[in-house]
Amino acid sequence: MGNSRAYAVFRTADLDEAYARARRLVALLEDVEDEVYVDVEVRTVGEARRIARLLPGAAVDPVEIAYDPAGEHPDLDLGTAGDDEIRAALPLCLSAELPAASVGPGFVRSLGDGPAGVDRHGRWPDDPETGDRGFGKYDGVQLVLHGDGPRLGAWTPHHTVFLHLDKWARLPRARKLAARAGCEVLGDARIGW
């Protein structure tokens with residue numbers, strides 16, 4: 001049980017550049033998972049319906065309990081729910097795992113102007129020089145659209161790329177991995193996934 005350490009390593013208002021930096025980091029991962037986890041915050045009925053089409057079979061949760069495994073998760077089917085029923089449940093968080101090959105730059109742009117996250121799990125390579133080892137449960141790369149943190153939150157005009165490491169990893173490890181992708185650690189570690 002536990003969480004990763006999430007280090008912000010790149011921040012920009014240019015979504016294509018943020019996506020490109022995240023891809024550079026993903027290219028450094030070993031044993032990369034074939035699926036990408038995507039979560040999107042929606043605030044209107046139209047957004048909910050549009051994002052539901054992009055994320056078939058998505059879990060639908062009220063934003064305030066989306067990250068609370070003990071919370072009550074209502075059963076709301078966006079395909080059959082009426083506009084009034086959806087409106088009463090807003091804001092919502094839609095989340096799904098998708099094949100990695102389907103989540104390219106065009107898909108990421110189609111997520112819209114609200115907070116969203118695109119998570120890619122894998123394992124960082126072992127570093128014989130320092131003795132640091134990859135840890136598949138925690139390692140990965142996260143692109144957060146319109147946000148500053150590894151969990152969806154307050155809207156920002158910029159996008160942030162996070163590098164996730166196991167909870168025992170040291171700051172020099174994060175700096176070294178970030179530098180290999182032309183990035184740098186932008187602050188203290190945050191609680192990740």
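This is a short tutorial dialogue on reading features of a predicted model.

User: Let's begin with the whole chain. How many helices and strands does the chain have, and in what order do the elements run?

Analyst: The chain has 5 helices and 8 strands. Starting at the N terminus, the order is β-α-β-α-β-α-β-α-β-β-β-α-β. The radius of gyration is 17 Å, close to the 16 Å that the globule rule gives for 193 residues, so the chain is as compact as a globular protein of that length. Please keep in mind that this is a predicted model.

User: What does the C-alpha trace span along its principal axes, and what share of the residues counts as buried?

Analyst: The span is about 60 × 35 × 30 Å. As for burial, a residue is called buried when its relative accessible area is under 20%, and exposed when it is over 50%. Here 50% of the 193 residues count as buried. The accessible surface comes to about 9,600 Å², and carbon and sulfur atoms hold 51% of it.

User: How do I read contacts along the sequence? What percentage join residues at least 24 apart?

Analyst: Take the contacts between residues at least 6 apart in sequence: 75% of them join residues at least 24 apart.

User: Now a single helix, please. Which residues of α5 are buried?

Analyst: Start with the general idea. An α-helix has 3.6 residues a turn, so residues three or four places apart point the same way. Now the case here: α5 covers residues 171-180, and its buried residues are Arg173, Ala174, Leu177 and Ala178. Looking down the axis of α5, you find these buried residues within an arc of 125°, so they line one face of the helix.

User: Which exposed residues are on the face turned away, and what covers the buried ones?

Analyst: The face turned away from the buried side carries Pro172, Ala179 and Arg180, which are exposed. The cover over the buried residues of α5 includes β1 (5-12), α1 (15-28) and β7 (159-165). After α5 comes Gly182, with a positive phi near 75°.

User: Where else is phi positive, in a residue other than glycine?

Analyst: Two cases are worth a look. Asp31 has phi near 50° and sits in the loop between α1 and β2 (35-42). His146 has phi near 55° and belongs to the loop between β6 and β7. Their surroundings can be read from accessibility: Asp31 is exposed, at 58%, whereas His146 is buried, at 9%.

User: Which residues does the cis peptide bond join?

Analyst: Omega is the angle to check. The cis bond joins Leu90 and Pro91, with omega about -5°. Pro91 is in the loop between α3 (83-89) and β4 (92-99).

User: Where is Asp132, and is Asp132 buried or exposed?

Analyst: Asp132 is in the loop between β5 (116-121) and β6 (140-145). Asp132 is buried, with a relative accessible area of 14%. The side chain of Asp132 makes a polar contact with the side chain of Thr130, at 2.9 Å. Leaving aside neighbours within four places in sequence, Asp132 is in contact with Asp126, Asp127, Arg170 and Arg173. You met Arg173 before, as one of the buried residues of α5.

User: Last one: how many disulfides are there?

Analyst: A disulfide needs two cysteine sulfur atoms within 2.5 Å, and the count by this rule is 0. Cys93 is buried, with a relative accessible area of 6%, and Cys183 is buried too, at 9%.

Definitions and conventions: Residues numbered from 1 in each chain as written. Predicted model: local features only at pLDDT ≥ 70, side-chain atom pairs only at ≥ 80, totals over all residues. Heavy atoms only, no water. Buried < 20%, exposed > 50% of the residue type's maximum accessible area, 1.4 Å probe, protein only. Helix = DSSP H or I, 4+ residues; strand = E, 2+ residues; numbered from the N terminus. Arc of directions from axis to C-beta. Contact = heavy atoms within 4.5 Å. Polar contact = N/O pair within 3.5 Å; in protein donor to acceptor, adjacent residues only side chain to side chain. Rg over C-alpha atoms; globule rule 2.2 N^0.38 Å. Areas by Shrake-Rupley, 256 points an atom, 1.4 Å probe, with all protein chains shown as cover.
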